[in-house]
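New to this one? Have a look at it first, and then we'll go through it by question and answer.

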Amino acid sequence: MKIFRVIRWLPILFLISVLVSGCADSMGEKMPDNTADTTGTTFGTEKETEKSSESQSDIISWFTADINDDEKKELLMITKDSSSAVMTLATGERYGTGLKIYSKFAILNDTPVPQGEPDYQFDLTEIKPLDIQAGDINGDGIAEIAVCVYKTAEFHPVPAKRPFFYDLKEGRLEPIWLGSRLSRPFADCILFDVDHDDIEEIISIEFTENGNKVLTVYDWKGFGFEVKAISNEIEGTVNFLNNTNSRADVVLVEIAGESHQLYLEEGEVIKCIKDY
Ligand SMILES: [Ca+2]
Ligand SMILES: [Ca+2]
Ligand SMILES: [Ca+2]
């Protein structure tokens with residue numbers, strides 16, 4: 001059953017949206033140093049079962065994806081320093097201090113169990129990382145690392161959630177797009193190939209000025225993201241239901257307490273259909 005319908009893009013919206021502005025703007029982003037040993041440590045049998053010292057309570061967000069095109073998944077984790085207290089935004093959302101990447105790990109009962117030392121680790125303290133995902137946003141076949149951060153931006157000097165994308169290159173985080181904002185303030189965003197072209201779109205839950213929500217889909221356009229489709233305004237609560245730790249087959253959205261599947265119709269229309 002269709003519960004809300006859908007808008008087609010007005011041409012003017014395309015004009016407005018073209019610059020969901022990003023990255024090359026100098027936001028004073030300091031590249032974190034890679035402090036890890038990148039010399040390709042090999043793990044013997046004993047070490048393969050060696051659990052890392054990472055405490056589960058220090059893991060803020062995690063995701064598994066192949067980020068270096070070797071056909072093996074890595075474990076990406078936003079963690080906080082074990083010595084620091086729990087840090088939360090006013091919304092209650094926790095944020096961390098760093099990104100750790102493990103090639104040796106297990107997932108047990110939907111819980112990541114990293115093994116040994118991280119292959120790479122980066123200090124992200126200054127950008128308050130909230131959430132990590134990965135996906136190929138620009139179609140080059142390599143998954144970008146997507147970090148939702150909470151910080152100010154040069155042209156938007158209030159703290160807000162912002163989507164940052166990096167490639168892991170030669171042991172460093174290379175910025176691909178450090179978004180200063182989406183079209184509106186957003187509650188959450190995920191990556192998903194909603195139009196099945198093997199390139200991930202951003203799907204976000206955004207706040208309208210009157211306090212309602214809209215779902216918005218963004219496509220990469222070579223230099224940044226452009227709005228591809230937007231839903232009608234939705235009253236009440238809207239949340240993604242997807243497992244946030246790995247790629248899903250469908251986008252599930254909870255609207256007013258009920259589960260819906262999101263998809264595009266004719267490539268440009270967001271529909272949400274009740275999921276029975
Ligand atoms: Ca890999
Ligand atoms: Ca890519
Ligand atoms: Ca796509």
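Helices (H or I, at least four residues) and strands (E, at least two) are DSSP runs, numbered from the N terminus. This is a predicted model, where local features need pLDDT of at least 70, side-chain atom pairs count only at pLDDT 80 or more, and totals for chains, interfaces and linings use all residues. Residues are numbered from 1 along each chain as its sequence is written, while chains are lettered from A and ligands numbered from 1 in the order in which they are written.

Q: How many helices and strands are there in the protein chain?
A: Let's start with the basic parts list. The protein chain has 21 strands, and its helices number two.

Q: What share of the protein chain's residues count as buried?
A: A residue is buried if 20 or more other C-beta atoms lie within 10 Å of its own, exposed if 12 or fewer, and partly exposed in between, with C-beta atoms placed from the backbone. Out of 276 residues, the buried share is 38%.

Q: Which residues have the most contacts inside the largest nonpolar core?
A: In soluble globular proteins, nonpolar side chains tend to be buried together. A nonpolar core here is a set of buried Ala, Val, Leu, Ile, Met, Phe, Trp, Tyr and Cys residues joined through C-beta atoms within 7 Å. The largest one has 63 residues, and those with the most contacts inside it are L76, I145, V147 and I203.

Q: Which residues is I145 in contact with, leaving aside neighbours within four places in sequence?
A: Two residues are in contact if their C-beta atoms, placed from the backbone, lie within 7 Å. By that rule, I145 is in contact with I67, L76, A134, F165, Y166 and L168.

Q: In what order do the strands of the open sheet containing strand 14 run?
A: Two strands pair if DSSP finds at least two bridges between them. Strand 14 (residues 186-192) and strand 15 (residues 201-207) are joined antiparallel over six bridges. Strand 15 also pairs antiparallel with strand 16 (residues 213-220) over six bridges, and strand 16 with strand 17 over five. That gives an open sheet of four strands in the order 14-15-16-17.

Q: Which strands are the edge strands of that sheet?
A: An edge strand here pairs on one side only. That description fits strand 14 and strand 17 (225-230).

Q: Is strand 14 largely enclosed or largely open?
A: Count its buried residues: five of the seven are buried. So, with the rest of the structure around it, strand 14 is largely enclosed.

Q: Which residue takes a positive phi in the hairpin of strand 16 and strand 17?
A: This hairpin has four residues between the strands. The positive phi, near 90 degrees, belongs to G222.

Q: Which strands stand at the edges of the sheet 10-11-12-13?
A: This is an open sheet of four strands with antiparallel pairing. Its edge strands each have a single partner strand, so one side of each is left without a neighbour in the sheet. They are strand 10 and strand 13 (172-178).

Q: Is I137 buried or exposed?
A: I137 is found in the loop between strand 10 (129-135) and strand 11 (144-153). Not counting residues up to four places away in sequence, I137 touches E144, F165, L191, I199, E200 and W220. With 24 other C-beta atoms within 10 Å, I137 is buried.

Q: How far apart are the C-alpha atoms of I137 and I202?
A: Along the chain these two are 65 residues apart. In space, their C-alpha atoms are separated by 8.2 Å.
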